[in-house]
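Subject: Structure handover and findings

Hello,

Here is the structure I said I would pass on. My notes on it follow below.

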Amino acid sequence: VRELVLLNHIYLANAQLDAATVVIPPGDDMGCVRIGSQEVLVTVDQIVDGVHFNLAATRLEKIARKAITRNLSDVAAMAAIPVAAVAAALLPRDLGQDRAEALFDAMRATANDYRCPLIGGDIGIYAGPLVLTVTIIARPGPVAPARRSGATPGQGIFVTGVLGGSLLTYQGHTHHLDFEPRLAVALRLAELLGETGIFRGAMIDLSDGLATDLGHICTASNVTAELWPHCLPISPALAGDRLPGAPGAWQHALTDGEDYELCFTAAVEAMEGLTSLEGVPVTHVGTILPPRSGPTISLKWPDGRVEPLTARGWEHHSS
Ligand SMILES: [Mg+2]
């Protein structure tokens, strides 16, 4: 994961783009280009056996589903509407024709479930692990795409669903495979927070954990944040100290990653009394603060104690 992040930085540093065509440059959950009068959003993502899933221990259909849904989570992060997908696959030699067909059948079925038909692809066979690469194109929802840069001091920080424990299986549900991309919630938010065609707030989907992903909002928006760890919605998969030596469920909620929930900022009044959208819980977990020297994100406990957040997503998780 560290290597992937490093490569992203190389790409961002070298990008020289025409602002008339490129509406949203690299650095958000999707890029956006203008084609004639139409704005088109695009994202590409890759999953690799041994890195993002374990082929030997996972049903092929679930892997195929995840290849589509983690891209759809990026579409949700922009409050956009999926249009179509294309997929490229590198298959290990020993996978076999039947399993290859089952894989693509499941990708196609998932894409259809979300009205984002698979319209093309490329399949190769080689002496290496299974790699699935999916590109999704989308169009803007009811307002201009939500960005990471839309947070302003005084806004509340909100998350959908529950966080942490995404790799654990609880009541037959393994979150990192079975999650629901929050497309419907994002469109409701765009209606709720959209004003004069603009999404009043910032939004990102939680792939690397709230600590890391909220950090991206802070950087893009030039703000800092205060999180309330005691308010985080904790996944039931973490209940009852299921992980020996666990540092605390709230810490898992901040750093486990692969939640594929939405984190967004909004005027607190706009969210007053709202505890769910489209049947999905929405929780107020902190406040956006002005830029300052020191830690980007701090934790505020009920007794008023404030401490810097130093653990950062996967980096912390893997150390
Ligand atoms: Mg994302």
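A residue is called buried under 20% relative accessible area and exposed over 50%, with partly exposed in between. Trp250, at 22% relative accessibility, is therefore partly exposed. Please keep in mind that this is a predicted model.

**Overall**

The chain has 319 residues, of which 48% are buried. Its secondary structure consists of 8 helices and 18 strands. Of the contacts with a separation of 6 or more, 81% are between residues 24 or more positions apart. The accessible surface is about 14,700 Å², and carbon and sulfur atoms contribute 54% of that.

**The six-stranded sheet**

One open sheet is built from 6 strands with mixed pairing, in the order S1-S2-S3-S6-S4-S5. Its edges are strand S1 (22-24) and strand S5 (118-126); each has a single partner strand, so one side of each is left without a neighbour in the sheet. On average, neighbouring strands in this sheet are turned by 25° against each other, direction ignored.

Within the sheet, strand S2 (residues 31-35) runs antiparallel to strand S3 (residues 38-48), with 5 bridges between them. One position to look at is Val42, which lies in strand S3 and has Gly31 opposite. Val42 is partly exposed at a relative accessible area of 35%. Leaving out neighbours within four places in sequence, Val42 is in contact with Met30, Gly31, Thr135, Ile136 and Ile137. Val42 and Pro82 are 40 residues apart in sequence, and their C-alpha atoms are 9.4 Å apart.

Pro145 sits in the loop between strand S6 (131-140) and strand S7 (156-160). With a relative accessible area of 10%, Pro145 is buried. Residues up to four places away in sequence aside, Pro145 touches Ile24, Glu39, Leu41, Met78 and Pro140. The C-alpha atoms of Pro145 and Ala80 are separated by 6.2 Å, although the two are 65 residues apart along the chain.

**The magnesium ion**

Which residues supply the protein donors of the magnesium ion? They are Asp29 (OD), Asp74 (OD) and Asp205 (OD), lying 2.1 Å from the ion. Along the chain these donors follow the spacing D-x44-D-x130-D. Asp29 is in the loop between S1 and S2, while Asp205 is in strand S12 (residues 203-205), so this pair ties together parts that are 176 residues apart in sequence. Asp29 and Asp205 are both buried.

**Aromatic pairs**

The count of aromatic pairs comes to 3. One of them is Phe179 with Tyr260, which is stacked, at 4.2 Å centre to centre and 25° between the planes. Phe179 is in the loop between helix H4 (175-178) and helix H5 (183-193), and Tyr260 is in the loop between helix H7 (249-255) and strand S14 (262-266); the pair thus links distant parts of the chain, 81 residues apart. Both rings belong to buried residues: Phe179 has a relative accessible area of 1%, and Tyr260 is at 2%.

Why does the pair of Trp250 and Trp301 count as edge-to-face? The ring centres are 5.1 Å apart and the planes stand at 85°, and planes over 60 degrees apart are classed as edge-to-face. This pair also links distant parts of the chain, with Trp250 in helix H7 and Trp301 in the loop between strand S17 (297-300) and strand S18 (306-308), 51 residues apart. Trp250 is partly exposed at 22% relative accessibility, whereas Trp301 is buried at 15%.

**Around strand S17**

The loop that holds Trp301 leads to the last item, the pairing of S17. Strand S13 (residues 224-227) and S17 are parallel, paired over 3 bridges, and Ala225 has Ile297 as its bridge partner in S17. S17 also pairs with S18, here in the antiparallel sense and over 3 bridges. In that pairing Ser298 stands opposite Pro308 in S18. The hairpin of S17 and S18 has 5 residues between the strands, and Gly304 takes a positive phi near 95° there.

Regards

Terms used
Residues are numbered from 1 along each chain as its sequence is written. This is a predicted model: local features need pLDDT of at least 70, side-chain atom pairs count only at pLDDT 80 or more; totals for chains, interfaces and linings use all residues. Side-chain values use heavy atoms; hydrogens and water are left out. Helices (H or I, at least four residues) and strands (E, at least two) are DSSP runs, numbered from the N terminus. Buried means under 20% relative accessible area, exposed over 50%, partly exposed in between (1.4 Å probe, protein chains only). Contact means heavy atoms within 4.5 Å. Accessible areas come from the Shrake-Rupley method with a 1.4 Å probe; for residues, only the protein chains shown count as cover. Two strands pair if DSSP finds at least two bridges between them. Axes are lines fitted to C-alpha atoms, for helices over the stretch in contact, and angles run from 0 to 180 degrees between N-to-C directions. Donors are N, O and S atoms within 2.8 Å of the metal (3.2 Å for Na, K and Ca); water is not among the atoms, so sites may look incomplete. Rings of Phe, Tyr and Trp (its six-membered ring) pair if their centres lie within 6.5 Å; planes under 30 degrees apart count as stacked, over 60 as edge-to-face and the rest as tilted.
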